[in-house]
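Please read these notes with the model open beside you. Take the points in order, and find each residue as you go.

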Amino acid sequence: MEVLTTEGRDRLASHMSDVREQADERSEESMQTNLLVRNRWSAATLRVLSSMPSRSVGQQSRLEIISQCNIRSTQLRRYHRQTQDVSLSSRPSIRGYGIEADSEDVCEEETKRQELVNNLQSLSAGDRVRMLRATPLSLAEKTKLRKRVFSDKVGQSLLSSQVPCCSLLKRALYHILFGCLFIVSSLQLWQVALKRLGGRFGTGVLSYFLFIRTLLLFNVFLFLINGLFLVLPQAIHPPLHTPSSHRVTGLELFTGTGYLSNSVMFYGYYTNSTINTSCRPDEATAGTGCSTTSDPHMMAYNIPLAYFFTICITFFITGIVLVYSMSKSFGRSFRVFKSQGNLAIKVFCSWDFKVSKKMSVRLQSENITTQLKELLSEVKGGEEEKGRLSGMAVHLLAWSISLGSTFFCALGIHCFAKHMHLRRLEDVEGEVSLVHEARLLALPGVVSCGNLLLPGLFNLVSWMENFNSPIVRLYVSIFRNLLLKVSILGVLCYHWLGKIAAEPQQHGLQCWESFVGQELYRFLLVDFIFTVLYTVFGEFIWKLFSQGVLRRRRKPVFDIARNVLELIYGQTLTWLGVLFTPLLPAVQILKLLLLFHMKKSSLLVNCQASRKPWRASQMSTLFISLLCFPSFLGATVSVTYTIWTIKPSSGCGPFRNLPFMFHSGKQWAQELKSTNPKLAWLNWVHGCLVENPFFLFLMAGVFLMVIYVQTQILDGQRKIISLLQDQIENEGKDKKFLITRLQAVHEKRQYPLSPSSRPQPQGSEV
C-alpha cells in the first residue's frame, strides 16, 4: 500500500512537472508577445502600479469605511443624548485615505464592525437606516450589517413601527412627484405611438413621425396668431357682402369657390376699414360697455395694419424658432461619440428599471434591440467598392434620368398651367357649370400626379445604382425629390406672382389675391387626396404584389425620402398661402392629424423594418435644415416680394387703393403724426425698418451669421473632443511605455553583471 502510494506520488510529481514546463513555455511565448505580463513585474513595479491614481480610486478598504462610520455613529449618539433630538446624518467622507486592506486586518475589521453594530443599535430606527444608506459599502456588506443591527427585538419593533413621520412624508411627496412627471410625459403628443414605431422600425422612420409633430406645432402657432388678431376681429364685425347667387353643389369644399370665397377663409373677405369700439367717458378706463359708434372716446382696431403686422410677426417668430431648432438639432446630432462607446452605454445603461407594465417593457425592449442593431451596423461599417468605371457610368446615367425627368415635368406643368388659364377665360365668358368648376382641379391633379410618379422613377434609378449604404441611398433620394419639389414650386410661383398678379385684368380677375389663395387651397387638398390614395392603395397593392407575384416573404420598406418631401411640400404651400388664405394653417393641421394616424396604420400593416439597420443620427437635423432653407426661405422671399413690389387689387381686400401692401403701416404712422405730433418718431421708425429693404437684408444676414457661428462652434467642439479622445489613447500608450521602461531599469539594477541572462523587453522605446 505504501509502495502504491509512493508510485502514485511520483507519477503525480512527474505530471505536475510536465504541466509546469508547459506553463513556463506558454509564459515565455506570452512574454514575447506582450511586454506587460503581470508575472514579469517586480515588487517595485507592482508598488508603483498600486499607487497610480487610476488603480487607487474607489479601492478604500472596508476597515477604513467601517471605522469612519463607527466614529460618525458615536458622534451621532452623543449628539442625540445632548440634544434629545434626531438629527440627519451626513455621508462620511472617505477622501484623503490611502490605506489598503491586508489579510492581517481581518480581526481588527471584525472588531470595528461589531463596535459599529453596537453603536448603531443605540440609535433610533431612522438614524440606523440613514447611516446604513450613507455607508459606501457593497450591497452584500450592507445586508449583513442590516441583519446584525436589526437582529434584536427592539430594533425590529423600531424598524416596523417607529418610522419617522418626515420619512413617510418624504416618501409620499416622492410618489406624488413621480406621478406628476408620468402624467406630464404622457401628455406629450403621440408619445406611446412614437415609442412603438421607433422600437419596431428604427430611428429613421421615427424621425419622420417626429417631423410631423414639429410641423403640427408650427401650424398651431400660425393658426392661433392669425385667428386671434386677424380672423376673430373681422368675424365679429363682418363686412356687408352681396349674397352669392352661386348654386351650392358641394364641390366648393374642394375648389374654394362659391360661398367659401366670401368667407374669412380668403383675402377678399377682409376690409380696409377700422373697427371703432367706443366707450363712455366713465367707462373708458374700465374698458366695458363698448359699442360700434363714432365717438370721440374710441378704441380703434385697424384691419389693414393688423393684417400686415400679423403676417410679418408670424414669419419673423417662425424664422427665429426654426433657426433655434436647427442650431439645437446640430448640437444634438453632431456630438462625437464612437460607436463602440455608444454600444457599451446602450448595453449597460439603457434599461429603465422603473418600468413595470408589460406593454412598456415590450416597447422598451424592442427599442433597445433596434438601437443595438443600428449601432452594430455602424461598428460593422464599410462599403464594398465596385468597379470605378462601371460605377461612374451607372451613376451618370441615373443622374441624367433624374434631372431630365425633373426638367420635363416642370416644363409640362408650366405649359399646362398656361393652357388651363386660357380655358378658364373662356369659361368666364360663358355660363359657369359643374364641369367648369371641376376643371379648376385639373392643374393641382397634374402636379400631384407628377409628385406621385417621379419619386417611383427615382427609386427605380436608385435600385439600378445599388447603393450598399442605406444612408447614402436615402440622402441621394432626398436630394432628387427636393429638386423635383423646388422646380414645381418655382414654376407655380412664377405663374402666380409673375403672370397672374402682374396682369390680373388680362386674366379676368377682380381679386387676384383670393384666386391665388384658392389655388393654394386646391393644391393642398388635392395633394392630401393623392397621399391618401397612395397610402391606402399604393402601399397595400405593392405589398400584395411583392408577396403574391414576386414570392417575397418580406414586406416593402417605408419610403422616408418621398414622405418627408411631401410634408415639406405641403408646409411650403401653407406658408405661401398664409398671406392670401389666413385660415390655411387650420387645413394643414387637419391634414397632419389625419396623415399621422393613416401613415402609422399603413406602416404597421403594409411595411416592415429595413434589412440593413442604420442609425439616423442626423435625420432630424437634415429635415429641419430642409424645412428652413428651401421651404421657409423660399416662402419668405415670395411673400416679401408680394408685399413690397406687387400692387394689390383695387376692389377687394384690406390693402385696396394702396400702391403696395406695406404702405398700410406708413398710412397709419402718418395718421398718428397728424393726430398726435409727439408720435412723429413712429413715422421715421416705420420708414427705416419697413420701407427700407436694408433692414430685411440685415435680418437675413444676422440669421445666416447665427447659423454659421453655431455650426463653427459645433465643428470646433467636435475637433476638441476628437483631440481629447486621441490624448486619452496616447495617455494609455504612455503608461505602457513608462511601465516597460521601469521594468527594464529594475532588471538592469537587479542583474548588473550578467545582462545577457536577464530577459530583454522587445519593442521597448527610448
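1. **A cut-off to start with.** A residue counts as buried under 20% relative accessible area, as exposed over 50%, and as partly exposed in between. L452 has a relative accessible area of 23%, so L452 is partly exposed. Keep these cut-offs at hand for the points below. Keep in mind, too, that this is a predicted model.

2. **The whole chain.** How many helices and strands does the protein chain have? The protein chain has 26 helices and 2 strands. The chain holds 766 residues, and 38% of them are buried. Its accessible surface comes to about 44,600 Å². Carbon and sulfur atoms hold 62% of that surface.

3. **Contacts along the chain.** Take the contacts in the protein chain with a separation of 6 or more. Residues 24 or more positions apart make 79% of them.

4. **The largest cavity.** The structure holds 2 cavities of 30 Å³ or more. The largest cavity has about 80 Å³ of space. Among the residues that line the largest cavity are C493, W496, L497, V516 and L520. L576, L579, F580, S638, V639 and T642 are also in that lining. Which elements give two or more residues to the lining of the largest cavity? They are α19 (470–500), α20 (512–548) and α23 (619–645). By class, the lining of the largest cavity has 9 nonpolar residues, 2 polar ones and no charged ones.

5. **The second largest cavity.** This one has about 50 Å³ of space. S448, N451, L452, D527, F530, T531, Y534 and E566 form the lining of the second largest cavity. Two elements, α18 (442–465) and α20, give two or more residues to this lining. α20 gives the most, with 4 residues. Here the classes are 3 nonpolar, 3 polar and 2 charged residues. So where does α20 appear? It gives two or more residues to the lining of the largest cavity, and it also contributes to the lining of the second largest cavity.

6. **L452, a lining residue.** L452 lies in helix α18 and helps to line the second largest cavity. How far apart in space are L452 and F530? Their C-alpha atoms are 7.7 Å apart, although 78 residues separate them in sequence. Leave out residues up to four places away in sequence, and L452 touches F530, Y534 and R562. F530 and Y534 belong to the lining of the second largest cavity as well.

7. **K485 in α19.** Is K485 buried or exposed? K485 has a relative accessible area of 4%, under the 20% cut-off, so it is buried. Its place is in helix α19. Neighbours within four places in sequence aside, K485 is in contact with N451, L565, E566 and Y569. Both N451 and E566 line the second largest cavity. K485 and P630 are 145 residues apart along the chain, and their C-alpha atoms are separated by 9.7 Å.

8. **S477, also in α19.** S477 is found in helix α19. Its relative accessible area is 9%, so S477 is buried. Not counting residues up to four places away in sequence, S477 touches N459 and A561.

9. **T314 in α13.** T314 is found in helix α13 (residues 303–333). Its relative accessible area is 0%, so T314 is buried. What does the side chain of T314 reach? It reaches the backbone oxygen of T310, at 2.9 Å. With neighbours within four places in sequence left aside, T314 is in contact with F221, L222, I225 and N226.

10. **Two loop residues with positive phi.** W190 is not a glycine, yet it has a positive phi of about 60°. W190 sits in the loop between α9 (165–186) and α10 (191–201). At a relative accessible area of 12%, W190 is buried. N466 is not a glycine either, and its positive phi is about 55°. The loop between α18 and α19 holds N466. N466 has 42% relative accessibility, between the two cut-offs, so N466 counts as partly exposed.

Definitions and conventions:
Residues numbered from 1 in each chain as written. Predicted model: local features only at pLDDT ≥ 70, side-chain atom pairs only at ≥ 80, totals over all residues. Heavy atoms only, no water. Buried < 20%, exposed > 50% of the residue type's maximum accessible area, 1.4 Å probe, protein only. Contact = heavy atoms within 4.5 Å. Areas by Shrake-Rupley, 256 points an atom, 1.4 Å probe, with all protein chains shown as cover. Polar contact = N/O pair within 3.5 Å; in protein donor to acceptor, adjacent residues only side chain to side chain. 1 Å grid on protein atoms, 1.4 Å probe; cavity = no way out; pocket = protein on both sides within 12 Å on 5 of 7 lines; lining within 4 Å. Points joined across faces, edges and corners; volume = space filled by probe spheres on them. Nonpolar A, V, L, I, M, F, W, Y, C, P; charged D, E, K, R; others polar.
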